Amino acid sequence: MKIAVYPGSFDPITNGHIDVLKRSLKAFDQVILLLAVNPRKKSHFSVEERLAMMKESVKDIPGVLVDSTTGLSVTYAKEHGANCLVRGLRAVTDFEYEFQMAAANKYIDPEVETVFFCAESKYTFISSSYVNELSAGGVDVSGLVPKAVLPYLAKKK
Ligand code: COA
């Protein structure tokens with residue numbers, strides 16, 4: 001069975017993430033959507049809230065597991081039988097950051113590959129912070145995030 005890990009902050013999960021996740025399922029039998037908890041990075045939503053939104057958003061997509069780690073994504077992948085990390089590319093501006101991160105991950109463990117999937121063009125402008133900002137400003141973001149995320153955004157207004 002081909003297993004991959006899709007790590008991220010998912011603060012919150014967006015339709016862009018779901019798009020990349022679905023694409024990755026064409027190549028892998030199972031994808032673990034991994035909330036990589038960075039205690040030094042200030043998040044909009046708590047770990048519990050982010051995990052709840054992730055779980056609810058993928059519950060009807062076969063082949064997806066949701067988990068979290070406070071450790072390294074690569075270490076988690078190795079421990080869970082995965083030798084690929086999934087990341088999404090929205091625009092060329094993502095490339096430099098992703099290229100560096102892939103290189104750092106390769107340094108940690110050369111056996112773990114990073115595999116990139118291109119986000120669909122209509123999702124290229126979405127980011128979690130835009131979603132949070134638009135929502136706080138009263139903009140309808142129902143086209144940008146899974147339904148399950150909307151009540152969490154509403155609570156933050
Ligand atoms: N659709 C929508 N948004 C997307 C996206 C997509 N396809 N791909 C990325 N984004 C956005 C996110 O919404 C987020 O937006 P924001 O900055 O407005 O919040 C931004 O791009 C980056 O988010 P994310 O993909 O979650 O990456 P990150 O940089 O926050 O986290 C980790 C990167 C979690 C994968 C990385 O830090 C990690 O692996 N951490 C664990 C510790 C570790 O292994 N460290 C060594 C790695 S070098």
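**View 1. The loop between β1 and α1 holds proline 12.** This is a predicted model. The peptide bond that joins aspartate 11 to proline 12 is cis. Its omega is near 10°. Phenylalanine 10 also belongs to the loop between β1 and α1. Phenylalanine 10 is not a glycine, yet its phi is positive, at about 45°.

**View 2. Polar side-chain atoms of serine 9, arginine 90 and serine 129 face ligand oxygens at short range.** For serine 9, a side-chain N or O atom is 2.4 Å from an oxygen atom of the ligand. For serine 129, a polar side-chain atom lies 2.2 Å from a ligand oxygen. For arginine 90, the value is 3.1 Å, again from a polar side-chain atom to an oxygen atom of the ligand. On its own, the ligand exposes 930 Å². The protein buries 79% of that area.

**View 3. The ligand takes up the space of the largest pocket.** Four elements each give two or more residues to the shell around the ligand. They are β1 (3-8), α1 (15-24), α4 (92-108) and α5 (128-136). Helix α4 gives the largest share of this shell, with four residues.

**View 4. A shell of 23 residues surrounds the ligand.** The closest are Ser9, Lys41, Ser73, Tyr97 and Ser129. How many residues of the shell are nonpolar, polar and charged? Nine are nonpolar, eleven are polar and three are charged. Ser9 and Ser129, two of the closest residues, return here from View 2. There, the side chain of serine 9 comes to 2.4 Å from a ligand oxygen, and that of serine 129 to 2.2 Å.

**View 5. The chain has six helices and five strands.** Read from the N terminus, the order of elements is β-α-β-α-β-α-β-α-β-α-α. The loop between β1 and α1 is the one that carries proline 12 and phenylalanine 10. Both β1 and α1 are also among the elements that give two or more residues to the ligand shell.

**View 6. The C-alpha trace spans about 45 × 35 × 30 Å along its principal axes.** The chain has a radius of gyration of 15 Å. A compact globule of 157 residues would have a value near 15 Å, so the chain agrees with that expectation.

Note on methods. Residues are numbered from 1 along each chain as its sequence is written. This is a predicted model: local features need pLDDT of at least 70, side-chain atom pairs count only at pLDDT 80 or more; totals for chains, interfaces and linings use all residues. Side-chain values use heavy atoms; hydrogens and water are left out. A residue is near a molecule or strand if one of its heavy atoms lies within 4 Å of it. A polar contact is a pair of N or O atoms within 3.5 Å; within protein, one must be able to donate a hydrogen and the other to accept it, and residues adjacent in sequence count only if both atoms are side-chain atoms. Accessible areas come from the Shrake-Rupley method with a 1.4 Å probe; for residues, only the protein chains shown count as cover. On a 1 Å grid over the protein atoms alone, a cavity is a set of points where a 1.4 Å probe fits but cannot get out, and a pocket is an open set with protein on both sides within 12 Å along at least five of seven lines; lining residues have an atom within 4 Å of a point. A molecule sits in a cavity or pocket if more than half of its atoms lie within 2 Å of its grid points. Ala, Val, Leu, Ile, Met, Phe, Trp, Tyr, Cys and Pro count as nonpolar, Asp, Glu, Lys and Arg as charged, and the others, Gly among them, as polar. The radius of gyration is taken over C-alpha atoms; the globule rule is 2.2 Å times the number of residues to the power 0.38.
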